[in-house]
Amino acid sequence: MRLSGKVAIITGAASGMGKAIAELFAAEGAKVVVSDLRVEAAQTVVTEIESKGGTGIAIAANVAKEEDVQQLVDTTVKQFGILDILVNNAGIMDNFVPAAELTDELWERIFAINTTGPMRTTRKVLPIFMEKKKGVIVNIASAGGLQGSRAGAAYTASKHAVVGFTKNVGFQYATLGIRCNAIAPGGVNTNIGTTINSPNPFGMERAMAGMNLNPRSGDPEEIAKVALFLASDDSSFVNGTVVAADAGWMAY
Ligand SMILES: NC(=O)c1ccc[n+]([C@@H]2O[C@H](COP(=O)([O-])OP(=O)(O)OC[C@H]3O[C@@H](n4cnc5c(N)ncnc54)[C@H](O)[C@@H]3O)[C@@H](O)[C@H]2O)c1
């Protein structure tokens, strides 16, 4: 078991990649905090984990709210005594809205969840990791965090910011025993499409231009295996970088 005795928080873990990561980490011996806006769905994930002999708790947390982030980490430490791994996974799409049609409201909502959320959770866990001179952060960025038109302008900018934040934290805390990496998934079969409720025709057409170059879409379990590698000591020399998991889509 590669995460035996470790305690891991996964945000947005009621669905998709977060759920797959929570399940795999639990199967590898971690005590998992299944955190999501939708706590009932998070509890269902915990029940499944427990039915397979794993350990987990569900905590309701909106990563866009500072008080929820505080409570998420404080409750985890109270419950399990320590924290070893943070996976910043919660994120939403932006309806492919192009720059000329962006509203402040959309820009701020996307950044609050996709970028400010990971910053706040990271800010909160770093002192815990610094004290024990060990800790791992895995951020779920996106192909849209490396390439220019895989989504709308706000999503693209929000995930580019996550990539920059990942590199900054990875380097600055490297000598303190802390690692911070990101995964850039290509298209993955999850429920994220439910956050695309009124796609902008122009923006979507421009974003879809490269879809025929995508070799295939992935399954959440394929991203979970990359997250396991980055969260475990198997990746002890990997820090401050982005691992693409996209079937080669970005290689073209
Ligand atoms: N699916 C893809 O093709 C794809 C590709 C690249 C990157 N990503 C990224 O992967 C991550 C996971 O997405 P997914 O595809 O598994 O989506 P998903 O919609 O299946 O799961 C996301 C989960 O996050 C939760 N969530 C949403 N807003 C939240 C908030 N403010 N606070 C806490 N939880 C919140 C949702 O309730 C949901 O359970 C996201 O950051 C997304 O941007 C997805």
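This briefing covers the pockets, the cavities and a few residues of one protein structure. The model is predicted. A search of the whole structure turns up two cavities of 30 Å³ or more. Its largest pocket has a volume of about 1,100 Å³. One residue, Ile223, gets a closer look: at 3% relative accessibility it counts as buried.

**The largest pocket**

- The volume of the largest pocket is about 1,100 Å³.
- Its lining is made up of 45 residues.
- Nearest the centre of the largest pocket lie Gly91, Met93, Thr190, Ile192 and Thr195.
- Helpful for finding the walls: α1 (16-27) and α5 each supply at least two residues of this lining.
- The top contributor to the lining of the largest pocket is α1, which gives three residues.
- By class, the lining of the largest pocket holds 22 nonpolar, 19 polar and four charged residues.

**The second largest pocket**

- The second largest pocket has a volume of about 220 Å³.
- There are 13 residues in its lining.
- Ala26, Ala27, Lys52, Gly53 and Gly54 are the ones nearest the centre of the second largest pocket.
- Both α1 and α2 (39-51) supply at least two residues of this lining.
- Here, too, α1 gives the most, with three residues.
- The lining of the second largest pocket divides into five nonpolar, four polar and four charged residues.

**The largest cavity**

- The volume of the largest cavity is about 70 Å³.
- Its lining consists of Lys6, Asp84, Ile85, Lys132, Lys134, Gly135, Val136, Ala231 and Asp233.
- Five residues in the lining of the largest cavity are charged, three are nonpolar and one is polar.

**The second largest cavity**

- The second largest cavity holds about 30 Å³ of space.
- Around the second largest cavity sit Asn88, Ala90, Asn114, Pro118, Asn139, Ile140, Lys159 and Val162.
- Three elements give two or more residues to the lining of the second largest cavity: α4 (104-132), β5 (135-140) and α5 (153-172).
- Four nonpolar, three polar and one charged residues make up the lining of the second largest cavity.

**Ile223 and its surroundings**

- Where does Ile223 sit? Look in helix α7, which covers residues 220-231.
- Why does Ile223 count as buried? Its relative accessibility is 3%, and buried means under 20%.
- Leaving aside neighbours within four places in sequence, Ile223 is in contact with Met17, Ile183, Pro185, Val188 and Ala245.
- Pro185 is one of these contacts. Ile223 and Pro185 are 38 residues apart in sequence. In space, their C-alpha atoms are 7.1 Å apart.

**Aromatic rings**

- How many aromatic pairs does the structure hold? There is one.
- Which residue lies over the face of Trp249? Arg150 takes that place, at 4.2 Å from the ring centre.

**To recap**

- In the largest pocket, α1 gives the most to the lining.
- In the second largest pocket, α1 again gives the most.
- The largest cavity has a lining with five charged residues, while the lining of the second largest cavity has one charged residue.
- Ile223, in helix α7, is buried.

How values were computed
Residues are numbered from 1 along each chain as its sequence is written. This is a predicted model: local features need pLDDT of at least 70, side-chain atom pairs count only at pLDDT 80 or more; totals for chains, interfaces and linings use all residues. Side-chain values use heavy atoms; hydrogens and water are left out. Helices (H or I, at least four residues) and strands (E, at least two) are DSSP runs, numbered from the N terminus. Buried means under 20% relative accessible area, exposed over 50%, partly exposed in between (1.4 Å probe, protein chains only). Contact means heavy atoms within 4.5 Å. Rings of Phe, Tyr and Trp (its six-membered ring) pair if their centres lie within 6.5 Å; planes under 30 degrees apart count as stacked, over 60 as edge-to-face and the rest as tilted. A charge sits over a ring if NZ of Lys or CZ of Arg is within 6 Å of the ring centre and within 35 degrees of the ring normal. On a 1 Å grid over the protein atoms alone, a cavity is a set of points where a 1.4 Å probe fits but cannot get out, and a pocket is an open set with protein on both sides within 12 Å along at least five of seven lines; lining residues have an atom within 4 Å of a point. Grid points are joined across faces, edges and corners, and a volume is the space filled by probe spheres set on the points. Ala, Val, Leu, Ile, Met, Phe, Trp, Tyr, Cys and Pro count as nonpolar, Asp, Glu, Lys and Arg as charged, and the others, Gly among them, as polar.
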